[in-house]
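User: Could you walk me through the ligand site, the cavities and the odd backbone spots in this model?

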Amino acid sequence: MSEAPFPVSRPRRLRRTAALRELVRETRLAASDLIYPLLIDDRGPARQPVASMPGIDRFSVEAAVDEAGEAFEEGIRAVLLFGLPSSKDARGSRADPPDGVIQRALRALREALPDLVLITDVCLCEYTDHGHCGLLEGDRVANDPTLERLASQAVSHGAAGADIVAPSDMMDGRVAAIRAALDEASLEDVAILSYAAKYASAFYGPFRDAAESAPAFGDRRGYQMDVRNADEALREVGLDIAEGADLIMVKPALPNLDIVRRVKDRFRRPTAAYQVSGEYAMIEAAGANGWLDAGAARLEAAYAIRRAGADLIVTYAARRLARAL
Ligand code: PBG
């Protein structure tokens, strides 16, 4: 493509007015592209503000239904549920009982908001007393024994009404194990959104405060990906699709837009990017200090994530974005 040189070409012609800019915009963003994460706490009051995530609360089951209803009114069509259980132990026993916090929330949300897409985070770290995403053997997170626990958690979510289960643990083989267990339980219509390329990231810090899920020792680098690797992310996504993932996710979003683009170009699947807690906190904290315009920065980040190839954005700013659109 050869461009006529200046003065024939004047790219500013099409930037002259808001109407012209609107006419030639390449990227669209709608409230229905957004997935709103909700932290549901089995112990706390109705709403408890998360100090490191200004504007975000942990909810009781009842308050979560109210919050999701308000989000639905604003155009948001999907929520991603995280649970804080009544108690924790080594094997994450509260991850899969029928009366668990997520299972109860799913039934309440399904009843109150039949058209809201219900997605659940499938992982053990919120449920284990050691804070790791799987079962331990000594100091090691044991891959294969963990698969059965994740599959059981996914089945219990599907049985309680989840439309989509989203494994975020980064164990090898979890998508296949979850798919097989769902099918075995006649839950073949429950879809899997795999956190396929999930990096070990400092940007999860505020979430771990909020979910009280920081590892008690060590870190997650033995299972989450090394930020220095990109080809490996494509292998991870390829494996998860081969195992039966219906949708795939890259996480965190802004630091990994190159991965979002490569994943979308290579696999052409419904692709989500997760703008994680630290990404959210940076914008909100700087905005609160008057260092930048948080409203504009939220939109810019969301458009950039869409432009990189994400169909869907998981973001704590979903409600504020929906109102701004
Ligand atoms: C659970 C999980 C985490 C996040 C999503 N699912 C925490 C982690 O991996 O430590 C992070 C979400 C966020 O930072 O917003 N494994």
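User: How many cavities of 30 Å³ or more does the structure hold?

Analyst: Some ground rules: this is a predicted model, where local features need pLDDT of at least 70 and side-chain atom pairs count only at pLDDT 80 or more, while totals for chains, interfaces and linings use all residues. Residues are numbered from 1 along each chain as its sequence is written, and side-chain values use heavy atoms, with hydrogens and water left out. A cavity is a set of points, on a 1 Å grid over the protein atoms alone, where a 1.4 Å probe fits but cannot get out, and its lining residues have an atom within 4 Å of a point; grid points are joined across faces, edges and corners, and volume is the space filled by probe spheres set on them. With a floor of 30 Å³, the number of cavities is two.

User: Which elements give two or more residues to the lining of the largest cavity?

Analyst: The largest cavity holds about 160 Å³ of space. It has 20 lining residues, and C125, K198, Y204, F207 and K251 are the closest to its centre. Taking helices (H or I, at least four residues) and strands (E, at least two) as DSSP runs numbered from the N terminus, the elements giving two or more residues are strand 9 (191–198) and helix 6 (205–211).

User: Where does the ligand sit, and how much of its accessible area does the protein cover?

Analyst: The ligand sits in the largest cavity, in the sense that more than half of its atoms lie within 2 Å of the cavity's grid points. For polar contacts (pairs of N or O atoms within 3.5 Å; within protein, one must be able to donate a hydrogen and the other to accept it, and residues adjacent in sequence count only if both atoms are side-chain atoms), a ligand oxygen is 2.9 Å from an N or O atom in the R220 side chain, and a ligand nitrogen is 3.4 Å from one in the side chain of D121. Q224 also has a polar side-chain atom 2.9 Å from a ligand oxygen. Of the 400 Å² that the ligand has accessible on its own (Shrake-Rupley, 1.4 Å probe; for residues, only the protein chains shown count as cover), the protein covers 100%.

User: How many charged residues are in the shell around the ligand?

Analyst: In total, 19 residues surround the ligand (a heavy atom within 4 Å), and the closest are K198, R208, K251, S277 and Y316. Here Ala, Val, Leu, Ile, Met, Phe, Trp, Tyr, Cys and Pro count as nonpolar, Asp, Glu, Lys and Arg as charged, and the others, Gly among them, as polar. That splits the shell into 10 nonpolar and three polar residues, and the charged ones number six.

User: Which element gives the most to the lining of the second largest cavity?

Analyst: This cavity has a volume of about 40 Å³, and its lining is Y36, P37, L38, L39, I56, D57, F59 and Y316. By class, that's seven nonpolar, no polar and one charged. With four residues, the top contributor is strand 1.

User: Where is the cis peptide bond from K251, and what is its omega?

Analyst: K251 also turned up among the residues closest to the ligand. Its cis partner P252 is in the loop between strand 10 (247–251) and helix 8 (257–267). For the bond from K251 to P252, omega is near -10°.

User: Which residue has a positive phi although it is not a glycine?

Analyst: Look in the loop between helix 5 (174–184) and strand 9. The phi there is about 60°, and the residue is S186.

Definitions and conventions: 1 Å grid on protein atoms, 1.4 Å probe; cavity = no way out; pocket = protein on both sides within 12 Å on 5 of 7 lines; lining within 4 Å.
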